[in-house]
Amino acid sequence: MSESSNNKKNKEDRRKFIVTTTIGASAACALFPLASGIPSLLDPATKESGNTEVPWTKITKLASLPKDGTPTKFEVILAKVRDAWTTYTNIPAGAVYLARSGDQVTAFNLKCPHLGCAVDYRKKSNDYFCPCHNSTFAIDGSVTTENSPSPRGMDTMDTKVDKGVVWIRFQQFRPNIAEKVPV
Ligand code: FES
């Protein structure tokens, strides 16, 4: 067989192979719709990035919070953080202000919703103040600055008190937008 007819035959074989495998893969996906998702089901990174619930984190005892509602600052240590392959323990994740009202507790993220500076509690005026661009917030977390740099009030999180212990669902939120969007 001449070299040119050899080339012709090779080209023909390659074309047949591509057509056959493409049709085969399409047919498999049509017959078994889940087949197209098999790689992602097998990939642990994809499994971990699913829509999981924010875990509860233990912060302190209810009795340690002032009964008059004065906010107290606490560091948040996550007991367990998992990525695709590793589990980390006792990871510092941020800080919160906790304020008690009877047996209820409110949690504010310490990060300013403007650009993320640490917000201070001012005992004298009983409010919150961000020193970076002078946003002020009332004791309930709402914005009090006229033309506030911060587009929203301080970010709250879910809290619960169980057997005298305060737990929160710690979250960070996107800075500098009016809506509270978890990151
Ligand atoms: S970061 Fe708080 S006012 Fe800008």
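Among contacts in the protein between residues at least 6 apart in sequence, what percentage join residues at least 24 apart? In this predicted model, the share is 45%.

The protein has three helices and 10 strands. From the N terminus, the three helices come before the strands, in the order α-α-α-β-β-β-β-β-β-β-β-β-β. Of the 183 residues, 16% count as buried.

One open sheet is built from three strands. Their order is β1-β10-β9, and the pairing is antiparallel. Strands β1 (57–61) and β9 (159–162) stand at the edges. Each has a single partner strand, so one side of each lacks a neighbour in the sheet. From one strand to the next, the twist averages 30 degrees. Four bridges link β9 to β10 (residues 165–168), again in the antiparallel sense. Valine 161 has valine 166, in β10, as its bridge partner.

Nonpolar side chains tend to be buried together in soluble globular proteins. Here, the largest nonpolar core has 18 residues. Val96, Tyr97, Leu98 and Val119 have the most contacts inside this core. Two or more core residues come from each of β3 (87–101), β4 (104–109), β6 (127–130) and β10. Strand β3 gives the most, with four residues.

Leucine 98 illustrates these contacts. With residues up to four places away in sequence left out, leucine 98 touches Ile59, Leu65, Pro71, Thr72, Phe74, Val105, Ala107 and Val166. One of these residues, Val166, is also the bridge partner of valine 161.

Two residues stand out by their backbone angles. Asparagine 147 has a positive phi of about 50 degrees, although it is not a glycine. Asparagine 147 lies in the loop between β7 (135–137) and β8 (156–157). Is asparagine 147 buried or exposed? A residue counts as exposed if 12 or fewer other C-beta atoms lie within 10 Å of its own. Asparagine 147 has 4 C-beta neighbours inside 10 Å and therefore counts as exposed.

Lysine 163 is the other residue. Its phi is also positive, at about 50 degrees, and lysine 163 is not a glycine either. Lysine 163 is found in the loop between β9 and β10. With 6 other C-beta atoms within 10 Å, lysine 163 is exposed.

Methods:
Residues numbered from 1 in each chain as written. Predicted model: local features only at pLDDT ≥ 70, side-chain atom pairs only at ≥ 80, totals over all residues. Pairing = 2+ DSSP bridges. Axes fitted to C-alpha atoms, helices over the stretch in contact; angles between N-to-C directions. Core = buried A, V, L, I, M, F, W, Y, C linked by C-beta atoms within 7 Å. Buried ≥ 20, exposed ≤ 12 C-beta atoms within 10 Å, placed from the backbone. Contact = placed C-beta atoms within 7 Å.
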